[in-house]
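Hi everyone, thanks for making time this morning. I'd like to walk you through one residue and then one pocket, so let me put the structure up on the screen.

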Amino acid sequence: MQNSHRSFPFNINFLLPRRRKELQPPAPGSSGASTPAKKDGGSGNLTSSVSTPNLSSTGEYESRPGKSKPPANFLRRKNFEFEPLSTTALILEDRPANLPAKSPEEALRHRLEYDEMVAEAKKRELKDAQKKKKIMRERFKQEENIASAMVIWNTEILPNWETVRCTRRVRDLWWQGLPPSVRGKVWSLAIGNELNITSELYEIFLSRAKERWKNFSETCSVNDTDDAGSSVADREASLELIKLDISRTFPSLFIFQKGGPYHDLLHSVLGAYTCYRPDVGYVQGMSFVAAVLILNLEEADAFIAFANLLNKPCQLAFFRVDHSMMLKYFATFEVFFEENLPKLFLHFKSYSLTPDIYLIDWIFTLYSKSLPLDLACRVWDVFCRDGEEFLFRTALGILRLHEDILLQMDFIHIAQFLTKLPEDIASEKLFSCIAVIQMHNSHKKWAQVFTSLIKCNKEDWNPSPALKS
């Protein structure tokens, strides 16, 4: 049976401890790979076979008939119990005896180079240790702030919600991010329940969804005709799209995929919604919104918040793909884009790069797909406080944060960058950029500019071809 081999880009023997052995030159005519074990002269001791380089091919040393011993300087090579484990340490080693020895100047230079490498490695280690220490300090400080804020929210704010929610103190505390333990409760209160959905109503639509899934899996058709305005084909497409989209929702968490603890829960909320709003159905991106709510709320409460959130004017316009209203939102956004970031605005204009190319995904998923989850939740916190305006303010904050990089890019690279943002965006850096964004133009706020565009029925804004289609 042949032995399998794996080739290495370096001499593997450097990594393996070896016994001290008396080296034997290769026999005449041999390939130089190894010499067999044999008795040594009259000593009677066995000499182990050892690997030796094929020196005959290099011309440095040739086996000659009648010579049974290598040159004396070959035997004077230093013997090590263990070879160096680091390639950088090899710089300090003497050359093999068959090669010219290092000069004192070269040996000194190698020593200095090695010392320099060690010093650089120590610097990097020290820098990494300081960075980790800083991160730990910031995390500890953040945990302390969350703990103290949680007490304030639970004892002072939530019991008096209606009277204190709009005060400056509460708004400032809200801006800093909600403690995870109260986040779901505050989101529910801020989103509200204008649709008057109850837990019982959710159970009704969930049972309809389960019946539909059962029929679909058994007959691959849906015969329920109770939902006017929604065709059988549309409902089938929604069921298939939900199944596909769930598998792609926060894949790194491994909790929403099939077999995960929240897979069935997310499937239930989305299925119930398609029965509750057949006029909207399921739209790609909804799974991320529902998933974030499920992570912070109980099942029925998550459905209630989900249905009411998607009933807000901005979300309804996007999820129903109301082109006319979407164009108004994009046109309003560009007004504030030009006001806050004129240089980047002109750069985008020079490439005819329109907001729909990057905004659609951000708005559809409420940044939960584009930003790290903890940062996205903080965006949600203030979105629940300020409404749709903050979604577009966040977009301008992202553009401001990366303005210097974007100004150096062309159309393709800008589109690629904005559709897949860096994963290491720091929360404080982004919110510092968002804070300096001014959402007023000629003394008009976002809502006033948006309303004026609706009244003017402005249709001269040209979206990308993708949105037109």
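Let's begin with Asn308, which you'll find in helix 10, the helix covering residues 299–309. Please keep in mind as we go that this is a predicted model.

So, is Asn308 buried or exposed? Its relative accessible area comes out at 4%, and because the cut-off for buried is under 20%, Asn308 counts as buried.

What does its side chain do in there? One partner is the side chain of Asn193, with a polar contact at 2.9 Å. The Asn308 side chain also reaches the backbone oxygen of Ile304, at 2.8 Å. If we leave aside residues up to four places away in sequence, Asn308 touches Ile191, Gly192, Asn193, Glu194, Leu195 and Ile197. Asn193, then, appears both in that set of neighbours and as the side-chain polar partner.

Now over to the pocket. The largest one in the model has a volume of about 1,400 Å³. It is lined by 33 residues, and those closest to its centre are Gln142, Asp374, Ala426, Ser427 and Glu428.

Which elements give two or more residues to that lining? They are helix 2 (104–157), helix 4 (168–175), helix 5 (180–191), helix 15 (373–386) and helix 19 (427–435). Helix 2 provides the largest share, with twelve residues.

As for chemistry, the lining of this largest pocket is a mix: 15 nonpolar residues, eleven charged and seven polar.

That's my tour for today, and I'm happy to rotate the view for anyone who wants another look.

Conventions. Residues numbered from 1 in each chain as written. Predicted model: local features only at pLDDT ≥ 70, side-chain atom pairs only at ≥ 80, totals over all residues. Heavy atoms only, no water. 1 Å grid on protein atoms, 1.4 Å probe; cavity = no way out; pocket = protein on both sides within 12 Å on 5 of 7 lines; lining within 4 Å. Points joined across faces, edges and corners; volume = space filled by probe spheres on them. Helix = DSSP H or I, 4+ residues; strand = E, 2+ residues; numbered from the N terminus. Nonpolar A, V, L, I, M, F, W, Y, C, P; charged D, E, K, R; others polar. Buried < 20%, exposed > 50% of the residue type's maximum accessible area, 1.4 Å probe, protein only. Polar contact = N/O pair within 3.5 Å; in protein donor to acceptor, adjacent residues only side chain to side chain. Contact = heavy atoms within 4.5 Å.
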